[in-house]
Amino acid sequence: MPRPIHATVHTQALRHNLQRARQAALDARVWAVVKANAYGHGIARAFEGLRGADGFALLDLNEAQTLRDLGWRGPILLLEGVFEQRDLELCSRLDLWHTVHCEQQIDMLSQHKTNVPQRVFLKMNSGMNRLGFAPHSYRSAWTRLNALPQVDEISLMAHFSDADGDKGIAQQMQLFQQFTQDLPGERSLSNSAAMLRHCGAAEVRADWVRAGIALYGSAPDAAQHSATEWDLQPAMTLSSKIIGTQQLALGDSVGYGSSFVAQAPMLVGVAACGYADGYPRLCPTGTPVLVNGVRTRTLGRVSMDMLAVDLTPLQQAGAAVGFGSEVTLWGRSHSGALLSIDEVASAAGTLGYELMCALAARVPTSAD
Ligand SMILES: *Cc1c(COP(=O)(O)O)cnc(C)c1O
């Protein structure tokens, strides 16, 4: 028997979430963002649920190759563009669209030998200060690109820093519009947060939205809305089993550092899941967890391969619980009970994004 930990990718949930993205994006086309191995879900598994998207956006050329190998003939966009000259050959061979965010990428394009001109997305730095041309140099970058025989169509792109929060997108929208007003080409601005929160406005949805986290069933603004409130379904369940139990007396402690001390006699279950599986060590006592679909809490420190859960609520309810009981770390239990990855992330002081991407390679994963 392998360790009982397992991740399940829910193909139907991916389809549902893509449908939700389409609703929110209205007339815009939807890029399914599948970078980072489809946010930890696995490119091939995610592709099964997301093949109804208008295109796939990612970073790694080998992930683009995987999509082509899976038979995807539609658009693929490299969100960071190319990293070195020879990447452009792969763009030509695999018919990849790519972001151009700096002069060096234009230099590389100008030296690329091809008979088939490429489609590029010219990125503006509208305030995030990560990648992109400053608004004032955007037009000269466009003009330079437009003069290259290697370039076919130029689309315009920017990325919001605060679509999920109170600062919002108004300032960045204003900059983007001011400096692109009379430039031709399709436009792409919105990530999941902008798509769900701001895409009522036609200029925000533009021609393409870039949906990532929402497709995987996590809320892009978890501090304000839950995934359920956005009608998103978890695309990943991380489950395991109780592999041992301990009856604690008053004053007994659990785990490294004895950080949890029992205030009364209680039954503790030990689940086969730890930080080496991708479960955050930072989750404190009290992090929500489901046992046989019943909500309870973790106890003490998460160790490398195990964590402890409080079985008192199940015992009190008269439920049979112990060795072999189902533990749902996040996602959906067999009984259909939900525990959002965002709740676990929040307990660890992080986001659903980080947890799904950090699922460890040692966790066997399958799709349903
Ligand atoms: C990752 C990424 C997205 C998707 O963001 P989500 O918040 O996951 O929807 C969109 N655009 C760019 C440029 C990205 O890098």
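## Leu-338 and its surroundings

In this predicted model, Leu-338 counts as partly exposed, because its relative accessibility is 41%, a value that falls between the 20% below which a residue is buried and the 50% above which a residue is exposed. Leu-338 belongs to strand β18, which covers residues 338-339.

Once the neighbours within four places in sequence are set aside, the residues in contact with Leu-338 are Pro-234, Leu-290, Gly-331 and Arg-332. Of these partners, Leu-290 lies 48 residues away in sequence, while the C-alpha atoms of Leu-338 and Leu-290 are 8.3 Å apart in space.

## The protein as a whole

The protein has 368 residues, of which 55% are buried, and its secondary structure consists of 13 helices and 19 strands. Taken along the principal axes, the box filled by the C-alpha atoms is roughly 75 × 40 × 35 Å.

If one considers the contacts between residues at least 6 apart in sequence, 64% of them join residues that are at least 24 apart. The pair Leu-338 and Leu-290, with their positions 48 residues apart in sequence, is one example of a contact across such a separation.

## Helix α1 and the buried Asn-17

Helix α1 runs over residues 11-25, and its length can be checked against expectation: 15 residues at 1.5 Å a residue should span 21 Å, and the end C-alpha atoms are indeed 21 Å apart, so the two values agree. The buried residues in α1 are Thr-11, Ala-13, Leu-14, Asn-17, Leu-18, Arg-20, Ala-21, Ala-24 and Ala-25. Just after the helix, Leu-26 takes a positive phi of about 55°.

Asn-17, which is placed in α1, has a relative accessible area of 1% and is therefore buried. Leaving out residues up to four places away in sequence, Asn-17 touches Ala-214, Leu-215, Tyr-216 and Gly-217, and also Asp-231, Leu-232 and Gln-233. Gly-217 stands 200 residues from Asn-17 along the chain, yet their C-alpha atoms are separated by 6.6 Å.

## Packing of α1 against α3

Helix α1 packs with helix α3, residues 43-50, at an angle of about 55°, and the axes of the two helices are 7 Å apart. That angle makes α1 oblique to α3, and α1 passes α3 in a right-handed crossing.

On the α1 side the contact involves Thr-11, Leu-14, Arg-15 and Leu-18, which meet Arg-45, Ala-46, Glu-48, Gly-49 and Leu-50 of α3. Sorted by class, the residues of this contact comprise 4 nonpolar, 2 polar and 3 charged. Thr-11, Leu-14 and Leu-18, which take part in this contact, are also among the buried residues of α1.

## Two roughly parallel helix pairs

Helix α4, residues 61-69, and helix α5, residues 87-94, have axes that come within 11 Å and cross at roughly 15°, and the two helices are therefore roughly parallel to each other. The crossing of α4 with α5 is left-handed. Leu-61, Ala-64, Gln-65 and Arg-68 of α4 make the contact with Asp-87, Leu-90 and Leu-94 of α5, and by class this contact has 4 nonpolar, 1 polar and 2 charged residues.

For helix α6, residues 103-110, and helix α7, the axes come within 10 Å and cross at roughly 10°, so that α6 and α7 are likewise roughly parallel to each other. Here Glu-103, Ile-106, Asp-107 and Leu-109 in α6 meet Ala-141, Arg-144 and Leu-145 in α7, and the contact of α6 with α7 has 4 nonpolar, no polar and 3 charged residues.

## Positive phi outside glycine

Ala-36 is a residue other than glycine with a positive phi, near 50°, and its place is in helix α2, residues 35-39. With a relative accessibility of 41%, Ala-36 counts as partly exposed.

Asn-129, which is not a glycine either, has a positive phi of about 55°. This residue is found in the loop between β6 (118-123) and α7 (135-146), and at 60% relative accessibility Asn-129 counts as exposed.

Methods: Residues are numbered from 1 along each chain as its sequence is written. This is a predicted model: local features need pLDDT of at least 70, side-chain atom pairs count only at pLDDT 80 or more; totals for chains, interfaces and linings use all residues. Side-chain values use heavy atoms; hydrogens and water are left out. Axes are lines fitted to C-alpha atoms, for helices over the stretch in contact, and angles run from 0 to 180 degrees between N-to-C directions. Helices (H or I, at least four residues) and strands (E, at least two) are DSSP runs, numbered from the N terminus. Angles under 35 degrees count as roughly parallel, over 145 as roughly antiparallel, 65 to 115 as roughly perpendicular and the rest as oblique. A crossing is left-handed if the near helix is turned anticlockwise from the far one by less than a right angle, and right-handed if clockwise. Contact means heavy atoms within 4.5 Å. Ala, Val, Leu, Ile, Met, Phe, Trp, Tyr, Cys and Pro count as nonpolar, Asp, Glu, Lys and Arg as charged, and the others, Gly among them, as polar. The expected span of a helix is 1.5 Å times one less than its number of residues. Buried means under 20% relative accessible area, exposed over 50%, partly exposed in between (1.4 Å probe, protein chains only).
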